[in-house]
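Reader: Please show me the structure; I have some questions about a ligand site and a strand.

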Amino acid sequence: MKVLFAAGDARWPLWEAPLRAALTEAGVHADLTRSADPAEVDAIIYAPGGDTPDDFTPFTRCKAVLSLWAGVERIAPNPTLTQPLCRMVDPGLTQGMVEYVTAHVLRAHLGLDAVLAAQDGTWAPVIPPLASDRPVAMLGLGALGSACGQALACLGFPVLGWSRRARDLPMIECHHGPGGLRRVLERARIVVTLLPATADTENLLNAETLSWLPAGAALINPGRGTLIDDDALLAALDSGQVGQATLDVFRTEPLPPAHPYWAHPRVTVTPHVAAETRPATAARVIAENLRRIAAGEPLLHQVDREAGY
Ligand code: NDP
Ligand code: OXD
């Protein structure tokens, strides 16, 4: 089979060797290439900012587009893409997200910013609260949200999860649907957003929903920038309704230098690094889907194009 790597020149040197090794390991005979006649391509490997075509109609024998990213909002709405689209679910990506979320939840929980800022020779003990006193809302209970929620629950945080459809997950108190959001936010002292960018999640955290939080709650957004109404968040930070925000993803990336988030004393900006797809592990996910294409088996992690994720 002919597999077009259309994820860009910069990624090719990082991915070529792991992909070839994973294909061999999976017993897939594939011609992995950077350029091909579209009519001869059996599968496309895609990443945002790569060199994937805008028009998929010439790819007449392509069986699937395989994304190296978990979030597929830039390609899922493409009307010319009639082939199945698969997103990335990778153990390395999940582990990275668990570490990022756990670190920033603990930082907010223990008030580490204030602890580090107060090294002035004053001996003033403040007893930190326990995780069991600090409910965390996990908005999104998919591959990443469920793993992060369970890691936090193992540390003792009560985890209130929220998803589109009803879910039943160990260690997480699960809620769903529009009514569930308010029930979760009203109790949350820390909110983590691991939702995809879709029409339904656009501006989910806005003036009204932020007002449901207990005053001073912390927000951690490694999901997507579109989940947040930025003006509403800045107003909530200024009023103290939101105590601090750690933001990894933005409507415009890189975040423009003049954006008020950079200078805000209670905002931490990280440059879309919460979790990275790791070629060593993710290449196996791609190879397994190529094996399934060759064998005519159902694909892993297929995107529901109507839902948008
Ligand atoms: P999944 O598709 O596995 O999970 C998405 C979750 O969001 C599901 O629980 C889904 O509900 C829920 N959801 C979707 N729409 C709604 C809605 N309208 N209302 C309530 N819940 C909703 O995605 P992942 O966990 O793999 O990834 C989540 C997101 O994280 C990605 O889409 C991407 O944007 C972001 N990401 C960010 C990275 C970074 O470095 N910053 C790295 C990787 C991903 P249900 O369970 O009912 O389907
Ligand atoms: C992803 C991301 O979606 O890095 O994989 O944001």
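Author: A polar contact here is a pair of N or O atoms within 3.5 Å. The model is predicted.

Reader: Which oxygen-bound distance does a backbone N or O atom of A70 make with ligand 2?

Author: The cut-off for a polar contact is 3.5 Å. A backbone N or O atom of A70 and an oxygen atom of ligand 2 are separated by 2.8 Å.

Reader: Which residue places a polar side-chain atom 2.6 Å from an oxygen atom of ligand 2?

Author: R224 has a polar side-chain atom at 2.8 Å from an oxygen atom of ligand 2. The distance of 2.6 Å belongs to a polar side-chain atom of H272.

Reader: How much of the area that ligand 2 exposes when taken alone does the protein bury?

Author: Around ligand 2 are W69, A70, G71, R224, H272 and A275. By class, this shell has three nonpolar, two polar and one charged residues. Taken alone, ligand 2 exposes 210 Å², and the share buried by the protein is 89%.

Reader: Are the residues on the two faces of strand β9 buried or exposed?

Author: In a regular strand, side chains point alternately to the two faces of the sheet. In β9 (residues 190–193), I190 and V192 lie on one side, with V191 and T193 on the other. Buried means under 20% relative accessible area, and these four residues of β9 are all buried.

Reader: Which residue of β10 stands opposite V191?

Author: Strand β6 (residues 136–139) runs parallel to β9 and is joined to β9 by four bridges, with L139 opposite T193. β9 also pairs with β10 (residues 217–221) in the parallel sense, over three bridges. There, the residue opposite V191 is L219.

Methods: Residues numbered from 1 in each chain as written. Chains lettered and ligands numbered in written order. Predicted model: local features only at pLDDT ≥ 70, side-chain atom pairs only at ≥ 80, totals over all residues. Heavy atoms only, no water. Near = heavy atom within 4 Å. Polar contact = N/O pair within 3.5 Å; in protein donor to acceptor, adjacent residues only side chain to side chain. Areas by Shrake-Rupley, 256 points an atom, 1.4 Å probe, with all protein chains shown as cover. Nonpolar A, V, L, I, M, F, W, Y, C, P; charged D, E, K, R; others polar. Buried < 20%, exposed > 50% of the residue type's maximum accessible area, 1.4 Å probe, protein only. Pairing = 2+ DSSP bridges.
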